[in-house]
Amino acid sequence: MKDTRKNTLSFETCMDILDWFNDDTHDYITHILLAKPDGEERIRRAMPSISEYCLKLVAAHSAGEDAYPQAV
């Protein structure tokens, strides 16, 4: 079984990245958390996909002037 913990970002980091890039996914996740009784569980199950999306978003903008600031 593949260990996905190595490249999994925290929920807080993902939300910060989505906010940084003004990505609609940020609003969608917020909506799920506020509107669905099982919102936290839904997000917990989706975290590997959300994390992967955020990593790709950061990589896609890494060379631009809007690059996400990362600790060195």
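This report looks at a few residues in and around helices H1 and H2 of a predicted model.

Residues are numbered from 1 along each chain as its sequence is written. As the model is predicted, local features need pLDDT of at least 70, side-chain atom pairs count only at pLDDT 80 or more, and totals for chains, interfaces and linings use all residues, while side-chain values use heavy atoms, with hydrogens and water left out.

Let's start with the charge. Asp16, Asp19, Asp24 and Asp27 form a negative surface patch (residues with over 30% relative accessible area and no salt bridge, like charges joined within 9 Å; a salt bridge puts a side-chain nitrogen of Lys or Arg within 4 Å of a carboxyl oxygen of Asp or Glu). Helix H1 (11-20) and helix H2 (24-35) each give the patch at least two residues; helices here are DSSP runs of H or I, at least four residues.

Here is how three residues fare for exposure, where buried means under 20% relative accessible area, exposed over 50%, and partly exposed in between, with a 1.4 Å probe and protein chains only.

| Residue | Place | Relative accessible area |
|---|---|---|
| Asp16 | helix H1 | 39%, partly exposed |
| Ile17 | helix H1 | 2%, buried |
| Asn22 | loop between H1 and H2 | 66%, exposed |

Asn22 has a backbone quirk too: its phi is positive, about 50°, though it is not a glycine.

And what does Ile17 touch? Leaving aside residues up to four places away in sequence, Ile17 touches Leu9, Cys54, Leu57, Val58 and Tyr68 (contact means heavy atoms within 4.5 Å). Ile17 and Leu57 sit 40 residues apart in sequence, with 8.2 Å from C-alpha to C-alpha.

Notes
Patch = residues over 30% accessible without salt bridge, like charges linked within 9 Å, V, L, I, M, F, W, Y side chains within 5 Å. Areas by Shrake-Rupley, 256 points an atom, 1.4 Å probe, with all protein chains shown as cover. Lys, Arg positive; Asp, Glu negative; His and termini not counted. Charge placed at Lys NZ, Arg CZ, Asp CG, Glu CD.
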